[in-house]
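Here is my note on the model, point by point. Please keep the structure open while you read.

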Amino acid sequence: QITLLHGSHRVGKRSDAAMEKWRGYGLGQFIHWGLYAIPGGAWNGKQYNGAAEWIRSWNGIPKSTYDSLNYSFNPTAFDAKAWAKTARQMGAKYVTFTTKHHDGFCLWPSKYTKYTVKNSPYKKDIVKAVVDAYDQEGIDVILYFSVMDWNHPDWRYDLKTKEDSIAFERFKKFTRNQLIELLTNYPTVKGLWFDGTWDKSWVKQAAFADELETEMRKLRPGLIIGSRFRADENGKRHFDSNGVLMGDYEQGWERKIPAKIEDVHGNDWDCVMTVPENQWGYNAAWNGHIKTGNELIEMTARCVSMGGNFVLNFGPKGDGSIRQEEIKLATEIGDWMKINQEAIYNCEYAGYEKQDWGYFTKKSGTDKIYMVVFNVPVSAALRIKTPPKTIIKKAYLLADTQEVFSPEEISGDEYFLHLKKREQSKPFVIVLETAKAEKGNGTKYEKAKI
Ligand SMILES: C[C@@H]1N[C@@H](c2nc3ccccc3[nH]2)[C@H](O)[C@@H]1O
């Protein structure tokens, strides 16, 4: 353990109500929207395959022409209420929305820069429209904010000269001003999702970022901030120099999911995921593998089974409409969630040994276990290895509680659930009502002394 002034200020999970609610979300929506949605991954008739929200940074793209896109930003089809309905239909419990991405264009009328929606043909406050619409749908809002800001003259990737440091001091004030502005304008937001914090210039600001995080938490008690916001005084990010998580949850699972429970180190975490391989902003040409509804349902179950939230990205078009492929996925996921949501919301790691057929989740604060089944074996027998001293009192299909199972005990703490041969097109959930064994180890094998 080394002494740190600007490392983690907490060991272990937050136990307050705001974080408990966050922990139980299970499924969220990410929305990447901004000027990059206008070109949609193409420039001068040439379609590019890079991440469309990064187009300004690609070779051959004239930066000043890109920056002038704010003069053509007029999303006539933008309807935050329709977005919120789509999220509700999908079963998302929260949304993470881009207020400002790396290009620096602000979707709210910030007082601290001209590069905002106010100076576009659209004029109106998009962040407010989104916050209000999602609040009305009962979906919590977290604001995405990129520290890296390609548009701001005082942004620096590193601090090499005195001039750099003087400029960056101005940039730090600007960043603080915008963050206080967002938390003041939109007081109902539950958290901030920071990005663009990997460059040396920001990584060197351990004290400033630590103080700013403290100031934001004081301004908004209960505010949820992940591990990507700041580095400790040794430049360590996500986990400080003592290996302790910074912020309230691990924010490193971008387009990837932990392979096993040990990889999450007992922390809260979210996984943010794109539908194509790597497109956050709208790209007209979706190439490569496009994830299916079943794949995304499995990713959701997998994340929840390891104590995390799964946050699926949507990239609305330049006109503000959501593309049909994304509407279709939201509907498919939502149809499944309508039947099986009990196995996802307010659930956590069950402590059962992972089996090939799928994932265990546990309803927080109870002994209710869910088996989210994706792969029925040819034997149609689902293996269960319970933690010691566990009694399975009842087992039944969540979607049809009349379909009851009698677990076959095959050895101590190990059972088979025998399924009737079934047409298998969608994942399904089996509920295990369990209890702790009063005495012994809770299986009949305790009697068969070996
Ligand atoms: C949530 C995601 N984070 C941004 C991002 N930029 C990156 C640059 C290098 C490596 C990973 C990155 N992720 C993506 O543009 C998107 O906003």
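**Notes on the predicted model**

1. Ser146 is buried, because its relative accessible area is 0% and buried means under 20%. The model is a predicted one.

2. Where does Ser146 lie in the secondary structure? Ser146 belongs to strand β5, which covers residues 140-146. The side chain of Ser146 has a polar atom 2.8 Å from the backbone oxygen of Met148.

3. Which residues does Ser146 touch, leaving aside those up to four places away in sequence? They are Lys100, His101, His102, Asp195 and Gly196. Of these names, His101, His102 and Asp195 also appear among the residues that surround the ligand.

4. Now the ligand site. The surrounding residues are His32, Glu53, Trp54, His101, His102, Tyr144, Trp193, Asp195, Trp198, Glu254 and Trp280. How does this shell divide by residue class? Five of its residues are nonpolar, three are polar and three are charged.

5. Next, the polar contacts to the ligand. The side chain of Glu53 places an N or O atom 2.7 Å from a ligand oxygen. Tyr144 also faces a ligand oxygen, with 3.5 Å between that oxygen and an N or O atom of the Tyr144 side chain. For His102, the partner is a ligand nitrogen, and a polar side-chain atom lies 3.4 Å from it. What share of the ligand's accessible area does the protein cover? On its own the ligand has 400 Å², and the protein covers 75% of that.

6. His102 deserves a second look. It is in contact with Ser146, and its side chain has a polar atom 3.4 Å from a ligand nitrogen. Tyr144 links the two topics as well: residues 140-146 form strand β5, and the Tyr144 side chain has an N or O atom 3.5 Å from a ligand oxygen.

7. On the fold as a whole, the protein chain has nine helices and 18 strands. Taken along the principal axes, its C-alpha atoms fill a box of roughly 80 × 55 × 40 Å. Does the radius of gyration agree or disagree with a compact globule? It agrees, because a compact globule of 450 residues would have a radius near 22 Å and the protein chain has 24 Å.

8. Last, packing and surface. Of the 450 residues in the protein chain, 56% are buried. Among contacts with a separation of 6 or more, 71% are between residues 24 or more positions apart. The accessible surface of the protein chain is about 19,200 Å², and carbon and sulfur atoms hold 54% of it.

Conventions
Residues are numbered from 1 along each chain as its sequence is written. This is a predicted model: local features need pLDDT of at least 70, side-chain atom pairs count only at pLDDT 80 or more; totals for chains, interfaces and linings use all residues. Side-chain values use heavy atoms; hydrogens and water are left out. A residue is near a molecule or strand if one of its heavy atoms lies within 4 Å of it. A polar contact is a pair of N or O atoms within 3.5 Å; within protein, one must be able to donate a hydrogen and the other to accept it, and residues adjacent in sequence count only if both atoms are side-chain atoms. Accessible areas come from the Shrake-Rupley method with a 1.4 Å probe; for residues, only the protein chains shown count as cover. Ala, Val, Leu, Ile, Met, Phe, Trp, Tyr, Cys and Pro count as nonpolar, Asp, Glu, Lys and Arg as charged, and the others, Gly among them, as polar. Helices (H or I, at least four residues) and strands (E, at least two) are DSSP runs, numbered from the N terminus. The radius of gyration is taken over C-alpha atoms; the globule rule is 2.2 Å times the number of residues to the power 0.38. Buried means under 20% relative accessible area, exposed over 50%, partly exposed in between (1.4 Å probe, protein chains only). Contact means heavy atoms within 4.5 Å.
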